[in-house]
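Me: I'm new to reading protein models, and I keep tripping over the vocabulary. Could you go through this one with me and show how each label is earned?

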Amino acid sequence: MVAKLKALRGPQKWALIALAIVVISSVTWGAVRYSRQGTNIATAEVKVGEFADHLQIRGELKPLKSKIVTAPSTAGSDVQIVKLVKNGDVVKTGDVIVQFDVTTLQRTLDGNRSLLKQADGEIVQTRAQGRLAEEQDQTDLLKARYDVERAKLEVSKQEIVSQIEGEEAKAKLADAEQVMRQAEQKVKSDNRGSEADVQGKTEKRAKALFDVQKAERQIAALTVKAPGDGMVTLMPNWRASGFFSDNAPEFKEGDRAWPGAAIAELPDLSTLRVTAHVDETDRGRLSVGQTATIRVDAVPDKELSGRVTDISTIAKMDFSSGWPIKKNFDLTVQLDQMEPRLRPGMSSTLRVAVERFPNSILIPAKAAFSKQGRTVAYVLHGSTIEERTIEVSRRSSEEVVVTKGLARGEQVALKDPTIKESSD
């Protein structure tokens, strides 16, 4: 090599010497650079533990128990909301949740009350007329009886009067008795007629009273009160956007509700569960008892834990996914602990541990780097760093399982030491 250098001409020899110096300097600089970075770069220890393969699913918080506040069905038609509590309001038993318009029913009630008063007046009048007729009939009966007694007295004089006068007295007695019988019959007939008139007016009053009480019940039903303590969750008004829409607005004041429409829900927050729809391709990987971690979108600072408690055995058609129509299974996850900020309807992300692999060599996912088609890790040896090719069998967002290239207890870099950080 030295002889070859001596054989080279001046310019060629100096060029080759300069190239050798650059190569040696680069190697030296790289070693120093790795050495310096090795002293302050973040690292993690290679561990042996259990790796959990997760299935990620979107879900929604729903209560297992709740009380539904509905529009009254007694009205028989749509009713308008004139007063409604706010979504999320805390109410006590008996507090007014929703007030419907009572204008039409109030007019009906006023009319029925007027008919009831009229019926009461007619009953009083009929009874008074009956008493007057009865008094007149009793007077006529007394007079008829008097006439009979008087005729009998005239008949008793037959022995001292002529035969003709006696026969006249008997005829008058017969006439008087006939008048008395007619008077007695009239008393009975008028009494029955008066009772029938009173009965008719009483039935008319009963109908008016029934209509009044019915209108009062309907008006009372239009004031819907809380059946228990809880936090109000307003229900979607499907009619406002169509029954097949996924974005129906909540009921609000001024909306018209159909009989039996669910207006609000009072959920039991202690029974909150996470429900989700699972594609039929993932159904076989899930089973009751599997653990899950839950991230609620509205509570990003806390991760909850839970377990699968129920998976439907029959798939349901999911028409919201477009064509072709997919089949989904219902999944329920029970929370291990409650969080006061949780509310029904909140969206969440489930990570269900569907498979577990014990005694696996694990490193953080950010400690594995892709380099020219290879997966490498940077292993620290004192103040130096070694680039080492590794084999990965399974991967999650947090960890990877290494089957070859690393040993337990080694330290690996959490960032690529070959990439120079930009300085301000």
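**Earning the labels**

Reply: Sure, let's start with one pair: glutamine 80 sits opposite arginine 256, which belongs to strand 10. Keep in mind that this is a predicted model.

Me: What makes strand 4 and strand 10 a pair?

Reply: Pairing takes at least two bridges between the strands. Strand 4 (residues 79-84) and strand 10 have two bridges, in the antiparallel sense, so they qualify as a pair.

Me: Which sheet has strand 10 in it, and in what order do the strands come?

Reply: An open sheet of four strands, in the order 7-6-4-10, with antiparallel pairing.

Me: Why are strand 7 and strand 10 said to stand at the edges?

Reply: Strand 7 (223-225) and strand 10 (256-257) each have a single partner strand, so one side of each has no neighbour in the sheet. As for what holds sheets together, strands pair through backbone hydrogen bonds, either parallel or antiparallel.

Me: Let's move to glutamine 290. Why is glutamine 290 called buried?

Reply: The cut-off is under 20% relative accessible area. Glutamine 290 comes out at 11%, so it counts as buried.

Me: Where is glutamine 290 found?

Reply: In the loop between strand 12 (272-279) and strand 13 (291-296).

Me: How do you know that the side chain of glutamine 290 has a polar contact with arginine 285?

Reply: The N or O atoms have to be within 3.5 Å. A polar atom of the glutamine 290 side chain lies 3.1 Å from the backbone oxygen of arginine 285, so the distance fits the limit.

Me: What else does glutamine 290 touch, beyond four places away in sequence?

Reply: Besides Arg285, glutamine 290 touches Gly306, Arg307, Val308, Val352, Ala353 and Val354.

Me: Now strand 13. Which residues make up its covered face and which its uncovered one?

Reply: Ala292, Ile294 and Val296 are on the covered face, while Thr291, Thr293 and Arg295 are on the uncovered one. That fits a general pattern: in a regular strand the side chains alternate between the two faces of the sheet.

Me: What makes strand 14 and strand 17 partners of strand 13?

Reply: Count the bridges against the minimum of two. Strand 13 has five bridges to strand 14 (residues 303-311), running antiparallel. Five bridges also link strand 13 to strand 17 (residues 347-364), again antiparallel. Both therefore pass the test. Threonine 293 faces serine 305 in strand 14 and arginine 351 in strand 17. A hairpin of six residues takes the chain from strand 13 to strand 14.

Me: How many bridges does strand 16 share with its partners?

Reply: Strand 16 (residues 326-335) has seven with strand 12, five with strand 14 and three with strand 15 (residues 316-318). Each of these pairings is antiparallel. Some partners across the bridges: alanine 276 with leucine 331, arginine 307 with glutamine 334, and aspartate 318 with lysine 326.

Me: What makes the largest nonpolar core a core?

Reply: Its members have to be buried nonpolar residues joined through side-chain atoms within 4.5 Å. The largest such set has 28 residues, and Ile97, Phe100, Val232 and Ile263 have the most contacts inside it. Strand 4, strand 6 (96-100), helix 3 (103-155), helix 4 (163-221) and strand 11 (262-267) supply at least two residues each. Helix 4 gives the most, with four. A second, separate core of 23 residues includes Leu286, Val308, Met346 and Val354.

Me: How far can I trust residues 1-6 and residues 25-38?

Reply: pLDDT stays under 50 across residues 1-6, where the model has three contacts beyond four places in sequence. It also stays under 50 across residues 25-38, with 14 such contacts. Where pLDDT is low, the predicted coordinates should not be read in detail. For the protein, the mean pLDDT is 82, with 84% of residues at 70 or more.

Me: And what does the protein add up to?

Reply: There are five helices and 23 strands, and 33% of the 424 residues count as buried.

Terms used:
Residues are numbered from 1 along each chain as its sequence is written. This is a predicted model: local features need pLDDT of at least 70, side-chain atom pairs count only at pLDDT 80 or more; totals for chains, interfaces and linings use all residues. Side-chain values use heavy atoms; hydrogens and water are left out. Buried means under 20% relative accessible area, exposed over 50%, partly exposed in between (1.4 Å probe, protein chains only). A polar contact is a pair of N or O atoms within 3.5 Å; within protein, one must be able to donate a hydrogen and the other to accept it, and residues adjacent in sequence count only if both atoms are side-chain atoms. Contact means heavy atoms within 4.5 Å. pLDDT is the predictor's confidence in each residue, from 0 to 100.
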